[in-house]
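This report examines a protein model through its fold, its charged pairs and the packing of one helix. Please keep the sequence and the coordinates at hand while reading.

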Amino acid sequence: ILTRQIPSKTTSKDATKEFDKWNEQVPTRGNVETKTFTAIYKEKVFNPANVATTLVETAENSKTEADYKAAKTAVEALTNSDGKTDLQKRLEEVKKYIDANNAVEALKEKSIAEVTEGDINAVQELINKVKEDWRQNLIDDLNIIRTDKKANDQLTEAKSLVAKAEEDKTK
């Protein structure tokens, strides 16, 4: 007799069970009715498109290289369809963000004196390709680099002028 639980020796990982309902309380008088039932263990249906969609959503939210790669692998495994094409387009947007973010991070790693206007412009071009609602933090980071670069250039110019003035004074 099975009471109130599913047998521990199930072969399916699915938690879906279907039972006829039965009364768990044994009657204290009258006839005790014996009832049989069958437990039906349903196999989970693996849907690669749903898995790929979930992974793309995860990549869109995190915008990390690891999540992007996992989603890309799942999407590439799908058969050609409009759904696959849509997921690929969404992943292209994630990739644009990752590329722009990596470029911003590379500029942050450089000494500010080594950052050129060309570097800043190249990163700005990458940021311009990113979806508009994903750009702001990239723009903010690039603006900080621009401000630091401008301040460094002004400081360098001021030091040069002071050095030149001191040199002229000694002549």
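Does Lys72 count as buried, partly exposed or exposed, and at what relative accessibility? Lys72 counts as partly exposed, its relative accessibility being 33%. The model is a predicted one, and the sections below place this residue in its setting.

## Overall architecture

The protein contains 5 helices and 2 strands. Along the sequence these elements follow the pattern β-β-α-α-α-α-α. Of contacts between residues at least 6 apart in sequence, 58% join residues at least 24 apart.

The chain has 171 residues, and 21% of them count as buried. Its accessible surface amounts to about 12900 Å², with 50% of that area belonging to carbon and sulfur atoms.

## Helix α2 and its buried side

Helix α2 covers residues 65-76. Its 12 residues, at 1.5 Å a residue, should span 16 Å, and the end C-alpha atoms are indeed 16 Å apart, so the expected and computed lengths agree.

The buried residues of α2 are Tyr68, Ala71, Ala74 and Val75. They lie on the same side of α2, because the arc they cover around the axis is only 130°. An α-helix has 3.6 residues a turn, so residues three or four places apart point the same way. The buried residues of α2 pack against α1 and α3. On the face turned away from this buried side, α2 carries the exposed residues Ala66 and Thr73.

## Salt bridges

The count of salt bridges in the model comes to 8. Side chains of opposite charge can pair when their charged atoms come close. One pair lies within α2: Glu76 forms a salt bridge with Lys72, and their closest N and O atoms are 2.8 Å apart. Glu76 and Lys72 are separated by about one helical turn, because they stand 4 residues apart in the helix. Glu76 is partly exposed at a relative accessible area of 47%, and Lys72 is likewise partly exposed, at 33%.

A salt bridge also joins the side chains of Glu60 and Arg90, with an N to O distance of 2.8 Å. This pair links distant parts of the chain, 30 residues apart: Glu60 belongs to helix α1 (residues 48-62) and Arg90 to helix α3 (residues 82-109). Glu60 counts as buried because its relative accessible area, 16%, is under 20%. Arg90, by contrast, is partly exposed, with a relative accessible area of 22%.

Asp119 and Lys110 form another salt bridge through their side chains, at 2.7 Å from N to O. Lys110 is partly exposed, with a relative accessible area of 33%. Glu105, Lys108 and Asp141 are joined into one network by salt bridges that share partners.

## A buried lysine in helix α5

Lys149 lies in helix α5, which runs over residues 136-170. Its relative accessible area is 10%, so Lys149 counts as buried. Which atom lies 2.7 Å from a polar atom of the side chain of Lys149? The backbone oxygen of Val115 lies at that distance.

Leaving aside residues up to four places away in sequence, Lys149 touches Ile112, Ala113, Val115, Thr116 and Ile120. Val115 therefore appears both among the residues touched by Lys149 and as the source of the backbone oxygen beside its polar side-chain atom.

Technical notes. Residues are numbered from 1 along each chain as its sequence is written. This is a predicted model: local features need pLDDT of at least 70, side-chain atom pairs count only at pLDDT 80 or more; totals for chains, interfaces and linings use all residues. Side-chain values use heavy atoms; hydrogens and water are left out. Buried means under 20% relative accessible area, exposed over 50%, partly exposed in between (1.4 Å probe, protein chains only). Contact means heavy atoms within 4.5 Å. Accessible areas come from the Shrake-Rupley method with a 1.4 Å probe; for residues, only the protein chains shown count as cover. A polar contact is a pair of N or O atoms within 3.5 Å; within protein, one must be able to donate a hydrogen and the other to accept it, and residues adjacent in sequence count only if both atoms are side-chain atoms. A salt bridge is a side-chain nitrogen of Lys or Arg within 4 Å of a carboxyl oxygen of Asp or Glu. The expected span of a helix is 1.5 Å times one less than its number of residues. The arc is that of the directions from the helix axis to the C-beta atoms.
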